[in-house]
Amino acid sequence: MSGEFAAIEAIRARLPGPSRSGEVWIGDDAAVLACGSDPDRGRWLLLAADTVVAGVHADLGVTGLDDLGWKAMAASVSDIAAMGGEAGHAVITVAGPPGTRLDRLYEGVAAAAEAFGCPVVGGDLTNAGDTVVTAAVTGYCSGEPVRRSGARPGDLIWVTGPLGASAAGLRLLRSGRAEEPAPGQRPGCGGSGDAELEAVRAHARPRPQLAAGRAARACGATAMIDVSDGLVADLGHVADQSGVGFRLDRVPVHQAATLEEALGGGEDFALVFCAPASAAVAATFAGLVTPVAIGRCTADPAERTLAGQPVTARGWEHEW
């Protein structure tokens, strides 16, 4: 077994599958469980968990322990956003060496919990050689959650913002060209320096797009995923599970990023969703940033192109 996604499939084959109609267990952004004894009541419980590891998901030489705590919360809450749900509550597990600055780490956890409306209600502490933070979160969805598996040929593909900012921010931090801004600092008037500051902030303190996820569900999204591993990789998961291909016409690239970072950088936590061409996307997103149509789903599952050329950006995948 060599890759994360092959490992997930092997684990799914070993464990039992859903026991109720409409439920989703392993294989989507979040598990979907019927609330109560009647699955037809239309309210679903969402469960998601993500782990961030110092040195793997965060370089503590350029960002802080508070950012590590924030990112753990953001990654899990973004999975709830990708189903079109509302955040519920979180439990946090922290493993780390004796002397780990828990006060600093929980500054980030607490700030994210407040920002995302997802209170922390418990967790666990244990010693380990590396600093590891796991956030398990609940969420809720009144009506059908949006899964990865519903895209159809002819659906338009939309993305909820420019891509590549997080990867660009890490590059800038490691190069010494930028420093992480203070929590209250925001970009100013749109110059290149502002774009770099925005990219650094996007890397250190990513923000899940809960409102955009709910809007996408409301406008009839047939499939959705958050961009955590890179656009091509994550859209590939949608294509695989839906049995479609995709033909991209363009990709919105953040001002501080490269096209390569936009295609494969990951951790942008923008949402990519598919919807019928007739969907009233602009009207449903009134008051939010309007998504950008970037292409269309096709009937050929092998077709994965950008401007007529095959796209091969691999994105992030853990090895096993």
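**Exercise 1. Strand β6**

Which residues of strand β6 (residues 156–159) are buried on one side, and which on the other? Then identify the strands that pair with β6.

Solution.

Step 1. The model is predicted, and the solutions below read it as such.

Step 2. In a regular strand the side chains alternate between the two faces of the sheet. For β6, one side carries Leu 156 and Trp 158, and the other carries Ile 157 and Val 159. These four residues are all buried, which leaves both faces of the strand covered.

Step 3. β6 pairs with β9 in the antiparallel sense, over four bridges. Within β9, the residue opposite Trp 158 is Phe 273.

Step 4. β6 also runs antiparallel to strand β10 (residues 292–298), joined to it by four bridges. Here Val 159 has Val 292 as its bridge partner.

**Exercise 2. The sheet around β6**

Place β6 in its sheet and find the edge strands.

Solution.

Step 1. The sheet is open and has seven strands, in the order β7-β9-β6-β10-β8-β11-β12. Its pairing is mixed.

Step 2. β7 and β12 (309–310) are the edge strands, each pairing on one side only.

Step 3. At the β7 edge, β7 and β9 are antiparallel and share four bridges. Asp 226 stands opposite Leu 271 of β9.

**Exercise 3. The five-stranded sheet**

Give the strand order of the sheet that contains β1, and explain what the edge position implies for β1 and β4.

Solution.

Step 1. Five strands make up this open sheet, ordered β1-β2-β5-β3-β4 with mixed pairing.

Step 2. β1 (31–34) and β4 (120–127) are at the edges and have a single partner strand each, so one side of each lacks a neighbour in the sheet.

Step 3. Ignoring direction, neighbouring strands here are turned against each other by 20° on average.

Step 4. The partner of β4 is found through its bridges: strand β3 (residues 86–96) and β4 are parallel and linked by seven bridges. One pair to locate in the structure is Val 94 with its bridge partner Leu 125 in β4.

Step 5. Helix α2 (residues 65–81) packs on this sheet, where it touches β2 (43–53), β3, β4 and β5 (132–142). The direction of α2 makes about 150° with that of β2.

Step 6. Helix α3 (residues 102–116) lies across β3, β4 and β5 and runs at about 170° to β3.

**Exercise 4. Two buried polar side chains**

Are Asp 67 and Ser 242 buried or exposed? Find the backbone atoms close to their side-chain polar atoms.

Solution.

Step 1. Asp 67 is a residue of helix α2. Its relative accessibility is 3%, under the 20% cut-off, so Asp 67 is buried.

Step 2. A polar atom of the Asp 67 side chain is 2.9 Å from the backbone nitrogen of Gly 64.

Step 3. Ser 242 belongs to helix α7 (residues 231–242). Its relative accessibility is 16%, so Ser 242 also falls under the 20% cut-off and is buried.

Step 4. Side-chain polar atoms of Ser 242 lie 3.5 Å from the backbone oxygen of Ser 149 and 3.1 Å from the backbone nitrogen of Ala 151.

Step 5. Beyond its neighbours within four places in sequence, Ser 242 is in contact with Arg 148, Ser 149, Gly 150, Ala 151 and Ala 223. For Gly 150, the C-alpha to C-alpha distance to Ser 242 is 5.5 Å, although 92 residues separate the two in sequence.

**Exercise 5. Helix α6**

What do the buried residues of helix α6 pack against?

Solution.

Step 1. In α6 (residues 210–218), the buried residues are Leu 210, Ala 212, Gly 213, Ala 215 and Ala 216.

Step 2. These buried residues pack against α2, β3, α3, β7 (223–226), β9 (271–275) and α9 (281–284).

Step 3. After α6 comes Gly 220, with a positive phi near 100°.

**Exercise 6. The whole chain**

Why does the protein count as being as compact as a globular protein of its length?

Solution.

Step 1. The protein has nine helices and twelve strands. Its radius of gyration is 19 Å, close to the 20 Å given by the globule rule for 320 residues, so it is as compact as a globular protein of that length.

Step 2. The C-alpha trace spans about 50 × 50 × 45 Å along its principal axes.

Step 3. Of the 320 residues, 49% are buried.

Step 4. Among contacts between residues at least 6 apart in sequence, 81% join residues at least 24 apart.

Key
Residues numbered from 1 in each chain as written. Predicted model: local features only at pLDDT ≥ 70, side-chain atom pairs only at ≥ 80, totals over all residues. Heavy atoms only, no water. Pairing = 2+ DSSP bridges. Helix = DSSP H or I, 4+ residues; strand = E, 2+ residues; numbered from the N terminus. Axes fitted to C-alpha atoms, helices over the stretch in contact; angles between N-to-C directions. Contact = heavy atoms within 4.5 Å. Buried < 20%, exposed > 50% of the residue type's maximum accessible area, 1.4 Å probe, protein only. Polar contact = N/O pair within 3.5 Å; in protein donor to acceptor, adjacent residues only side chain to side chain. Rg over C-alpha atoms; globule rule 2.2 N^0.38 Å.
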